[in-house]
Amino acid sequence: METTSKFNSKSDNRFYNKYEYKLKIDLYFRKTVLNFFIVIMFYQLSYSQQYEWEPSGLFPNPPLAINIYCLDLNLCWCSEITAGGVATTSNYPYLKSTDCGNTWINLGPTPIGTVYSIAQDCATLGTQYVVIRDGNTNNNGLFRHHNTYGWQLRACGGLDVRSVINRNGTVLCGVRGNGKGIYRSTNDGDSFTQIYNYADIYCFYGKQNNFWAGGNYASGAGIVLHSTGFPFDTWNEVGYFNGWVIGITVTNAGNIFVATHQGYLYRSINGGDFEICQSAINWDELKIPLICTSDGKIYYGDYQNGTFYSHDNGTSWLQINQGLSNTHVIDLAVDPCNDQVYAALGGSLSNHIYKLNEEIIYLNLKIFLEGPFNSTEMIPFLNTFGYLPLSQPYNKPPWNYSGTENVTSIPNSDIIDWVLLELRETTGDASTATSDSIIAQQAAFLSKNGNIIGLDGNSPVQFSLSINDNLYAIVWHRNHLGIMSANPLTKSGGTYSYDFTIDDSQAHGGTLAQKEVAPGIWGMFCGDGDANGQIGNLDKNDVWIPQAGNSGYYPGDFSMNGQVDNIDKNDYWVPNSGSGSQVPDFIPYKCMVPE
């Protein structure tokens, strides 16, 4: 019996001989488990090799070459970095860089002591608000520094000031102990008013028209507060913790990450319900550095173990210390214009600020799905009818992709559906691009013209990867057969490009992998409703029949017009029945479980 799949059809009774079937099941299962662990190990190794720290300018020595205590870019002014520290003499260093940390300018010593927190002034060029502490509470306070006019005490003299933030002309500082709470200025720091006095405040985070504050009550319970809208008079409690909150950040998706002085990192994906996602974090000076980039990557600093990074919303963490002179991370900062991450190191062996080198590649891929294709492009029925989900749909078998890609709304009317991209790297041809060569996955949008694009609905998809060998791309879809590039992707600059649609030979497996959907135009086979890599009776009996008559986002809607009906069965499933995925090492997940 002729078949287009690497597995025989169920109509071939020889394949379903009881003993032969059990043997095949056992072999497939063992191979899959082995490949799974190989992929996990390779994936971890690949990600760790993408990141390396390099010194961001050597500080003069002495006395400015000792510990750097703060580094804060903030949203308003990313062209200038300021950093301060503690010295072994009476001169406490305060420096700035205007070239991304390559060189540093000495602005002279601070007036009293250690720089603890810095916020740039959005309105006045060359001005920063700086929390300075010298160990004597009577001398602590919030100072304003101007590159020309020097230092001025602005607020909270004699109080234990711990943090400062500035957004759109509103300056907030946090105080612990006597006079505890939040102080606010709306006149460039000329005067401050206490607007909250129920808890010690250690840290702030600001995004657009929102502020978050972290601290603790007198009972010792940690607290996260939120305020939105000028003049930020009202602060609402959004979370309680068993430990003082000494670090906080919020992603663009609204996920809140909170660090406590007991070494726990908490995560909330709904603005209020928190769960532990990391533990045993070491800190110094009651501060755990915690930042996020615009694409949702989370970083935190551990005073003993260095820097940790998560690309999957805190589900897993990777230690990235390559290039650092020690692992005593005191502070982290991110440039919002380019997501450049900086780290400040403490300890007697360090006199550096470091910046993280992350290699980025861009993908320019084009594919067509047979289901919604019409003449020259695809029709975005599911988008038009409002059926597309706001979160990636590949977090279930057989993909089991743990990525957290999501949007608050579908970015434009041309989006067809979500697809899952997979990259494989190998020294050989496409046949060697097996599952143990997987280096990355990412969910993205497919536009009606066939372009695979990022979540903003316009930009190319990007990966943080260093590519040394041949790169192959796989495109998975929830009810079309997955395809892999027959040839390595071509690179121009930092962009890797590939067009599957121009010829059947563009996909590994040729005409067995793609279908001619119009003269000279090739697309992915539709009809694989259960996504097991084969189009067969299971797709009709287990998927299409139970879903027939329904409207919405269903895998049995092979035409992707929002309706599961006879057109899906007669015009799409019937002609494609017997086709199978040609992706190397693809093992249909249903074939691993004996019936």
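**Figure 1. V171 faces S185 across a strand pair.** V171 stands opposite S185 in strand β12. The model shown here and in every view below is predicted. V171 belongs to a pairing in which strand β11 (residues 170-176) runs antiparallel to β12, joined by five bridges. β11 and β12 form a hairpin, with four residues between them. G177 sits in the turn and has a positive phi of about 75 degrees. On to the next partner: three bridges join β12 to strand β13 (residues 193-196), again antiparallel. In that pairing R184 has T193 of β13 as its bridge partner. Is strand β12 enclosed or open? Five of the five residues of β12 (residues 181-185) are buried, so the strand is largely enclosed by the rest of the structure.

**Figure 2. L421 sits in the largest nonpolar core.** This core holds 57 residues. Six of them touch the most other members: I367, L421, L423, I452, F463 and V475. Which strand gives the most to this core? It is β32 (residues 415-426), with seven residues. A second core lies apart from this one. That other core has 42 residues, including V224, F257, L265 and Y300. For the close-up on L421, set aside its neighbours within four places in sequence. L421 is then in contact with L363, L365, A440, Q441, Q442 and A444, among others. Its contacts also include I452, V461, F463, I474 and V475.

**Figure 3. Five strands make an open sheet.** The strand order is β34-β33-β32-β36-β37. Pairing in this sheet is antiparallel. Which strands lie at the edges? They are β34 (452-453) and β37 (483-484), and each pairs on one side only. At the β37 edge, two bridges join β37 to strand β36 (residues 470-476), and these two strands run antiparallel. Look for I474 here: it stands opposite M484 in β37. I474 is also one of the contacts of L421.

**Figure 4. Helices α3 and α4 pack against each other.** Helix α3 covers residues 537-547 and helix α4 covers residues 566-576. Their axes are 12 Å apart, and the packing angle is about 170 degrees. That angle makes α3 roughly antiparallel to α4, because angles over 145 degrees count as such. Which residues meet? From α3 come N537, D539, K540 and W544. From α4 come N566, D568, K569 and W573. By class, the contact of the two helices has two nonpolar, two polar and four charged residues.

**Figure 5. F525 is a loop residue with many listed contacts.** F525 is found in the loop between β41 (521-524) and α3. Is F525 buried or exposed? F525 is buried, with a relative accessible area of 8%. Leave aside its neighbours within four places in sequence. F525 is then in contact with E370, N479, H480, L481, T511 and L512, among others. Further contacts of F525 include A513, Q514, K515, I535, N576 and S579. W573 gives another reference point: F525 and W573 are 48 residues apart in sequence and 9.3 Å apart in space, C-alpha to C-alpha. W573 is one of the α4 residues in the helix pair of the previous view.

**Figure 6. Two cis peptide bonds, each in a loop view.** One cis peptide bond joins F230 and P231. Its omega is about 10 degrees. P231 lies in the loop between β16 (222-228) and β17 (236-241). The other view shows the bond from P397 to P398, which is cis, with omega near 5 degrees. P398 is in the loop between α2 (381-384) and β32.

**Figure 7. Q208 and N400 have positive phi without being glycine.** Q208 has a phi of about 55 degrees, a positive value, although it is not a glycine. Where is Q208 found? The residue is in the loop between β14 (200-207) and β15 (210-216). Q208 is exposed, with a relative accessible area of 64%. N400 also has a positive phi, near 50 degrees, and is a residue other than glycine. N400 sits in the loop between α2 and β32. The loop between α2 and β32 also holds P398. N400 is exposed, at a relative accessible area of 52%.

How values were computed: Residues are numbered from 1 along each chain as its sequence is written. This is a predicted model: local features need pLDDT of at least 70, side-chain atom pairs count only at pLDDT 80 or more; totals for chains, interfaces and linings use all residues. Side-chain values use heavy atoms; hydrogens and water are left out. A nonpolar core is a set of buried Ala, Val, Leu, Ile, Met, Phe, Trp, Tyr and Cys residues joined through side-chain atoms within 4.5 Å. Buried means under 20% relative accessible area, exposed over 50%, partly exposed in between (1.4 Å probe, protein chains only). Contact means heavy atoms within 4.5 Å. Two strands pair if DSSP finds at least two bridges between them. Axes are lines fitted to C-alpha atoms, for helices over the stretch in contact, and angles run from 0 to 180 degrees between N-to-C directions. Angles under 35 degrees count as roughly parallel, over 145 as roughly antiparallel, 65 to 115 as roughly perpendicular and the rest as oblique. Ala, Val, Leu, Ile, Met, Phe, Trp, Tyr, Cys and Pro count as nonpolar, Asp, Glu, Lys and Arg as charged, and the others, Gly among them, as polar.
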